[in-house]
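Thank you all for coming. I would like to walk through one model this morning, starting with a loop and working outwards to the whole assembly. Please have the structure open while I talk.

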Amino acid sequence: MVGWRNPRSRERLISRTARVVNRLLFYFFLGIFIFFCLAPFYWLFVTSLKSNSTLFVNPPLLFPNPIYTRNYVTAFEGRPFARNIFNSFVVAGLSTAFNLAVGSLCAYALARLRFKGKQIILTIVLAVSMFPGIAVVAPLYLWLSNLHLINTQPALILPYVTFSLPLCIWILTAFFQELPAELEEAAKVDGATPMQAFLRIIVPLAAPGVFTCAILVFIYAWNEFLFARTFMSRETSYTVTVALQMFQGMGEELLPWGQITAASVIVTLPLVILVLVFQQRIISGLTAGAVKG
Amino acid sequence: MNTTQARLFSRVRSIWPIRVSLSAEERLAYLFVLPAGLVIASIAFFPLLRAFWLSLHDIDLRYPAQGQPFVGIGNYISLLANPRLHNALAVTSAFALVTVSVELVLGMIVALIMNQEFRGRGAVRAALLVPWALTTVVSARMWEWIYNAQYGIFNAILKGLSVIDSYRAWTADAQFSFWAACLADIWKTTPFMALLLLAGLQVIPRDLYESAMVDGANAWQRFWSITLPLLKPTVLVALLFRTLDAARVFDLLFILTGGGPGYSTESLSILTYRILFTNLNFGMGSAMAVIVFLYVMLISFFFIKVLGTKAGRAI
């Protein structure tokens, strides 16, 4: 109260109040945004823990009471969902491996070798990153069915490798460029061929960049839907995205939302773990194309 | 080799655009680029040409006996006269415009908030990545449940707030389905937009702001005269890639609304998919695919040539 008599300290009090209000507003907006991000996800998880008797009630229960875990078992019953998860792991894993093999070679040439036509290759890579998948789905479908590859894993691996190549080439080119130029020189002095220099020196040093690529390509392949839906028509060949879209009840009138959300949580969990563990790498990989450095 | 031959040979070599002998480095480079080139050529560019070729024919897989007669641009003519194409163009463009502009504004606000130092910033950034990593199919099914006409939480919340007096079928009512889809997309991609913009904000030198503060510029002036101009390249790249994503939208609309009710949320990709795999009309569908390709390329051309977006600056 003493402060009010002194105009100076009154000013100071006002500016401090303004700072506190500012801070409160800041946390308020931040809180709203985090809520906006996570609330639907919370709802997905909560729904997966409800039985039909607590699920189809009005108004909806904000907490599952009692907690019902059977959905995580019944989601696998009467449909090859376990097989679908396995398919997704195989397709995404192999896509990632082939992508890295092809993409890292190309990125190395672009970043550290002198040759003609670099600009053309960069333009082509950029064009592929803008390609609408739907534009090539019909010719690929005809081609794959002629080769009897419909419902097989190569049918998905081929387009996944192709359409995630730009991402991988971008990230790795930027990464290779940052390695010191003397590396290959030193290798040459030691009598290594350019190929040996690439395999023995550059690749191990670029491991963090390669790893970032691997995560991003895996997530892309795991999440892809259009090609998977088109090229996989047998239930046992579905990947998780198609399986989830096709999730139907077993003669029930209502969709089995408990099972659908449980399956969704299972499908999402590997990604959320990847993201939370490697968030720093993922962010730097994602923003590599948008921001220099 | 006699002298005439030798002279001829050296002349050919001098006018030949590519040097006949490659250095070891060049040979290695072409060898390294070759696999990527082969993959892209055979799975992206060759099928695109094939789609164009198919689009010039009448191919109906339901009637293989009728053959595949050449019809020239007949498929394009009948598509361009079809109101369903006009509708899909309008839906797709509106979807791109609405979602990308809202995402830009919201993403900018979040990025500016996140660009300040505060406790728990890392955790918040991790939270931002969750919607991005979530499979679009999962997100679409999740929103389908949230919008559910009888048991959906969206209805319960709006009714609780007295915004609506009775439950609505958000995804089955032509009045709302488009906006319901927009909201689901905005939820999923605003955080990604925020992360891109945040990365751009973080490379703006701090001392620029400090000297502006010394000159007495207020926060708003600092935003307009420092942040926005320096962030422009990042904003353009983010806008380009988000707009392309929205222009190609398939998964979300296909699952959440099925393009319906009626054709009210039928995007270009969904229309193409239907002509191809529901009607099994591969001639018409391929013409549609070519139109989608041109539509997407037009957007990139606009961003790169007209707005001067430097996509792929990382290289």
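Let me begin in the loop between helix 6 (134-146) and helix 7 of chain A, where A:His148 lies; helices here are DSSP runs of H or I with at least four residues, strands are runs of E with at least two, and both are numbered from the N terminus. Before going further, I should say that this is a predicted model, in which local features need pLDDT of at least 70 and side-chain atom pairs count only at pLDDT 80 or more, while totals for chains, interfaces and linings use all residues. Residues are numbered from 1 along each chain as its sequence is written, and chains are lettered from A and ligands numbered from 1 in the order in which they are written.

A:His148 has a positive phi, near 55 degrees, in a residue other than glycine. Is A:His148 buried or exposed? A:His148 is exposed, because 9 other C-beta atoms lie within 10 Å, where 12 or fewer means exposed, 20 or more means buried, in between means partly exposed, and the C-beta atoms are placed from the backbone. That loop between helix 6 and helix 7 also holds A:Asn151, which is not a glycine either and yet has a positive phi of about 70 degrees. A:Asn151 is partly exposed, since its count is 15 other C-beta atoms within 10 Å.

Further along chain A, helix 8 (residues 182-189) is hardly covered, with zero buried residues among its eight. Just after helix 8 of chain A comes A:Gly191, with a positive phi of about 90 degrees.

Now to the interior. The largest nonpolar core has 164 residues, and those with the most contacts inside it are A:Cys106 and A:Ile169; such a core is a set of buried Ala, Val, Leu, Ile, Met, Phe, Trp, Tyr and Cys residues joined through C-beta atoms within 7 Å. Helix 7 (residues 154-178) of chain A gives this core its largest share, 17 residues. The core also draws at least three residues from each of domain 1 (2-71) and domain 2 (79-246) of chain A, with bounds that come from an automatic or database domain assignment. The C-alpha centres of these two domains of chain A lie 40 Å apart. Leaving aside neighbours within four places in sequence, the residues in contact with A:Ile169 include A:Cys106, A:Leu110 and, from the other chain, B:Ala36, a contact being a pair whose C-beta atoms, placed from the backbone, lie within 7 Å.

That brings us to the interface, to which chain B gives 75 residues and chain A gives 81 residues. On the side of chain B that touches chain A, helix 2 (residues 24-55) of chain B supplies the largest share, 19 residues.

Chain B itself has 13 helices and zero strands. Its radius of gyration is 26 Å, whereas a compact globule of 315 residues would have one near 20 Å; the value is taken over C-alpha atoms, and the globule rule is 2.2 Å times the number of residues to the power 0.38. Buried residues make up 41% of the 315 residues in chain B.

Finally, on confidence, the model scores ipTM 0.86 and pTM 0.87. Chain B averages a pLDDT of 86, with 92% of the residues at 70 or above, pLDDT being the predictor's confidence in each residue, from 0 to 100.

Key. Two residues are in contact if their C-beta atoms, placed from the backbone, lie within 7 Å.
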